[in-house]
Structure formats: structure tokens, C-alpha cells
Amino acid sequence: MDPDEEGEYEVESIIDDKLIEGKQFFLLKWKGYTEEYNTWEPEENIYCDWMVTNYRKKKASSTQYDYSKGFDMAQMYDCPEHHRLRVINKVDKEKLPSNFTYIDGYVRSANVPLPSTVMFPCSCAPGAPCGMNCECMSVPYYDAEGLLCTDYPGPIYECNDMCGCSSDCPNRVVQRGNTIEMDIFRTKAKGWGASTRRRIRKGEYVCRYTGELLSNAEAEQRHSHDTTYLFDLDREVPDGNQPLFTIDARSYGNVSHFFNHSCEPNMAIRAVYIDHLDPRLHELAFFALRDIAKGEELTFDYSPSADNVPRCAYDNGVSKFHCFCNKPRCRKFIF
């Protein structure tokens, strides 16, 4: 049998893994073939899920990490250096999930189309920062220091690759990436959480929410009983309509995977457009609602449309998720 021919072949073992343009690939050893025929394959082409799971568990257990003293997350996950994340656990013996893949963007499901619209360039002077007359800024989203004008609740349209303005344009904030050093730490009641290692100013950009980009139907089918990591792209959906797409950060994502809920959060999330104008597929970005102190946990409201009235444990017979934020206006249950 010629391995170059199309057909199904049996995987003998997984040798290695890596990210290629934000997509997880595995180096496969094929049964009956020598190592010269090993190939890199995307995860969706591998139909033996148990083998992928066992590979990840073995990889995680083969390296010893000192959770009590803390270690750089880049030692465990293939996360970008600029994220500068430290992992620490002084509460219990729990380790970070071995089946989690750190990504800086999105893993797009086959059911999710490419954006249907593109951005248009502004007419600002090439090589210079944009001014108040920039077409991309229908309203001033950021101030001169790159802080969000927090009284503006709508979507943000940043300058894009077609614009001639410079990289330090004040309307290029989210696309420049996260610059905040954080700790991933073990909490006593909420599992893992994330805190900042420096003061964050009110309106400062924190990071994006990333993960698998799924159709809403696919997300509901996958996690019908636990929607903790699902974030609907509904910021631009008219009231009464269902969003078409969802971000699932359970198995793929960045530091936002570890952000916990709070009924009195210190971060808000905004819809952001950078390289297209498709309202179905906007990006999600976290911004500080107030000054956040060094060492403070980073939180957002998982159910921001809810009122602040304490809830009962059951709603029409369906159990709710308990809230452990312990804030004065805690609703007792998240959703």
C-alpha cells in the first residue's frame, strides 16, 4: 500500500504536537510504516479521540511542575511569550487540565463560514496616527492613552490592515495584543482563576475571549448541560433573535479560559471589529470597568443581563449554577 494514496490508515502512536496558524496538529506514526512516513495531521483528521487524550495526559504527567512555588505557563502550554503567565497552586493538589490547548486566536469549526464582509480603509494620512475625523472612529472609542471610553457601550471598529495609519494609531488597541502579566492561581471555591500582577487602569484593554468558533447548534449539542465556557456572539443580534455562532473555550483558549464569574465584576466585554464587518462573527474583548489593584482576581459577569435579585436553586425544575463571588450584591446563582 502506497502511503501517498488516499484512504484510511491506522494510527500507531502520536509522537509530537504543535500549533500551526492557531490550529492543533499532531505528528502521527502510522501502523505498518516506518518513521519516514510520519505526517503532521490536524486534530479533526484523527478519529481516535482516546489516543489524543492519552497523549495529552502522558505529556502532562511526564513533566514535573512546582505548583506551590509557581512556574511559567509556557513550560506546559505552547502560549506566546508576550502573555507572561505564571501558574501557582497553594490550595490543593489539583493540576492544570491536560486536555486544554492554549491558542492566541480561534479554531474554526467546519460549520462556521468565513466573514462575509471586509473592512474599508480610512483616509487618514499614511504613516501617522488617526485623528478625530477618521472614518473608522464614528465615535471616540479610546482616549489618547488607549483607554476605553467606558460610557460607550456599543461595538468598537478599529483601524485595519487596509488603513494607512501607523501601528501606534490610537484606534489600534485590541489588535496590539495583551500586555498584562497575570497569575493563574487556584482558588478555594471556584477552581482556577486569574489575577493581575500589576495595576490595571479603568478602561484598559485586558485580552480577547478565544476558543473554538462553533455554530450555536453545535455548541448546544456539545454542552447541553454545562454552558460555562460558551460565549454567544450575540452583541449585535437583535432582541428576540438567536445568535448563530458561539465561542467555546473549554478545550481551546487563552488566559480568559480561567476568568471567573462575579456579580460585581471588574471587567466588561465589548464587541470589536478589526478585519471584517460581519456582525455574526465579531471579536470579544475584555476591558477594565474600574482600576484593578495588583494581585486582584480578574472577573466578569457570566450573565450580565440578569438582575441583582438573589435566585432560588431551581428554575422550572432545572438546577442552577451556584455563585461563590461573595460580593455584597451576589445573586447566589450565576444562571
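Q: Before I look at the sheet, what does it take for two strands to pair here?
A: Two strands pair if DSSP finds at least two bridges between them, and the strands themselves are DSSP runs (E, at least two residues) that are numbered from the N terminus, as are helices (H or I, at least four residues).

Q: And what kind of model is this?
A: This is a predicted model, in which local features need pLDDT of at least 70 and side-chain atom pairs count only at pLDDT 80 or more, while totals for chains, interfaces and linings use all residues. Residues are numbered from 1 along each chain as its sequence is written, and side-chain values use heavy atoms, with hydrogens and water left out.

Q: OK, so how do strand 2 and strand 3 pair?
A: Strand 2, residues 23-30, pairs with strand 3 in the antiparallel sense over four bridges, and Leu27 stands opposite Trp40 in strand 3.

Q: What order do the strands of that open sheet have?
A: The order is 1-2-3, in an open sheet of three strands with antiparallel pairing. Its edge strands, each pairing on one side only, are strand 1 (11-20) and strand 3 (39-42).

Q: Switching topic, which residues does UniProt list for "binding site"?
A: The unreviewed UniProt entry lists Cys122 and Cys124; its positions are given in the numbering used here, feature names are shortened, and annotations may be inferred rather than shown by experiment.

Q: Where is Cys122, then?
A: Cys122 is found in the loop between strand 7 (106-108) and strand 8 (156-157), and Cys124 has its place in the loop between strand 7 and strand 8 as well.

Q: Why does Cys124 count as buried?
A: Cys124 counts as buried because its relative accessibility is 16%, and buried means under 20% relative accessible area, with exposed over 50% and partly exposed in between (1.4 Å probe, protein chains only). Cys122 is buried too, at 9%.

Q: Which residues does Cys124 touch?
A: Leaving aside neighbours within four places in sequence, Cys124 is in contact (heavy atoms within 4.5 Å) with Cys130, Gly131 and Cys134. With residues up to four places away not counted, Cys122 touches Cys130, Cys134, Glu135, Cys136, Cys159 and Cys163.

Q: Last one: which residues touch the most other members in the largest nonpolar core?
A: Met73, Leu96 and Phe259 do, out of 62 residues; a nonpolar core is a set of buried Ala, Val, Leu, Ile, Met, Phe, Trp, Tyr and Cys residues joined through side-chain atoms within 4.5 Å. The largest share of this core, five residues, comes from strand 18.
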